[in-house]
Amino acid sequence: MADVHSKEVRSYNMSRIKGKNTKPEIVVRKFLFSNGIRYKLHDKTLPGKPDMVFPKYKKVIFVHGCFWHGHENCKYFVVPKTRTEWWLDKINGNKKKDAENVEALKKQGWDVKTIWECELKPKNKEKKLQSILKEFKKQKSLENV
Ligand SMILES: [Zn+2]
C-alpha cells in the first residue's frame with residue numbers, strides 16, 4: 001500500500017497514539033520545573049483535563065499534537081488519504097471539544113495556553129520554551145508589586 005506520509009510524519013503520528021505523558025509534554029514540564037515553576041498534572045476536575053495546571057498563576061497549558069488536534073497550516077497535520085472521512089470526523093471532533101474546553105476554562109477565570117507539538121521541534125524548541133517562561137516571570141513580578 002502506498003503511504004502518503006513521509007517517514008518522519010508517520011513516526012510522528014504514531015507517537016501521538018500513546019496519549020498522555022507524551023514526549024513534547026515532558027519537555028515542557030521538565031523545562032518549567034527546572035525553572036522553579038510548579039504545576040499539577042491532568043487535573044480531572046477541570047474541563048478537558050489540562051496537561052499542566054498552575055494554580056498560583058491561574059493558568060493551564062495544553063500540549064497538543066498537530067495531527068490529532070488538527071493544527072491548521074501545519075505540515076504535521078496531513079489527513080491520511082485512506083479513510084479520510086473517518087479521520088476528519090475524529091479530528092474535527094477533537095477540535096470542537098478543544099474549543100469547548102478552552103471556553104469553559106476561560107469562563108472559570110483560567111488563562112489557557114495551547115502549545116503545539118511542532119513548536120517543540122528541535123528547531124523551535126528553545127525559543128518557544130523561553131517565551132513561555134517569560135510569561136510566567138512577568139506574572140510573578142506583577143504579583144510581587
Ligand atoms: Zn503544528
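Two strands count as paired if DSSP finds at least two bridges between them. With that in hand, the sheet of this predicted model can be read strand by strand. Val 60 stands opposite Val 112 in β4, and a little earlier along the chain Lys 59 faces Asp 111, again in β4. These pairs belong to the β3 and β4 pairing, where the two strands run parallel and are joined by 6 bridges. To get from β3 to β4, the chain passes through helix α3, residues 84-107, and the resulting β-α-β crossover is right-handed.

Now for the bigger picture. The chain holds 4 helices and 4 strands, and starting at the N terminus the elements come in the order α-α-β-β-β-α-β-α. The 4 strands make an open sheet, lined up as β1-β2-β3-β4, with mixed pairing. At the edges sit β1 (40-41) and β4, each of which pairs on one side only. The antiparallel part of the mix includes β2 and β3, which pair over 3 bridges. Here Phe 54 is the residue found opposite Lys 59 of β3. The hairpin made by these two strands has 4 residues in between, and Lys 58 takes a positive phi there, near 50°.

What about β3 itself? Of its 6 residues, 6 are buried, so this strand is largely enclosed by the rest of the structure. In a regular strand, side chains alternate between the two faces of the sheet. In β3, Lys 59, Ile 61 and Val 63 point one way, while Val 60, Phe 62 and His 64 point the other way, and all of them are buried. Helix α2 (residues 23-34) lies across β2, β3 and β4, and its direction makes an angle of about 145° with β3.

The sheet also feeds the largest nonpolar core, which has 16 residues. Those with the most contacts inside this core are Met 52, Val 53, Phe 54, Val 60, Ile 61, Val 63 and Ile 115. At least two core residues come from each of β2 (52-54), β3 (59-64) and β4 (111-116), and β3 gives the most, with 4 residues. Val 53 is a handy one to look up in the structure: leaving out residues up to four places away in sequence, Val 53 touches Tyr 39, Lys 40, Asp 43, Leu 46 and Val 60.

Helix α3 tells another story. Just 1 of its 24 residues is buried, so α3 is hardly covered. Its span from first C-alpha to last is 35 Å, close to the 34 Å expected at 1.5 Å a residue. After α3 comes Gly 109, with a positive phi near 90°.

Over the whole chain of 145 residues, buried residues make up 19%. Among contacts with a separation of 6 or more, 55% are between residues 24 or more positions apart.

Definitions and conventions. Residues are numbered from 1 along each chain as its sequence is written. This is a predicted model: local features need pLDDT of at least 70, side-chain atom pairs count only at pLDDT 80 or more; totals for chains, interfaces and linings use all residues. A nonpolar core is a set of buried Ala, Val, Leu, Ile, Met, Phe, Trp, Tyr and Cys residues joined through C-beta atoms within 7 Å. A residue is buried if 20 or more other C-beta atoms lie within 10 Å of its own, exposed if 12 or fewer, and partly exposed in between; C-beta atoms are placed from the backbone. Two residues are in contact if their C-beta atoms, placed from the backbone, lie within 7 Å. A crossover is right-handed if, with the strands pointing away from the viewer, the path from the first strand over the helix to the second runs clockwise. Axes are lines fitted to C-alpha atoms, for helices over the stretch in contact, and angles run from 0 to 180 degrees between N-to-C directions. The expected span of a helix is 1.5 Å times one less than its number of residues.
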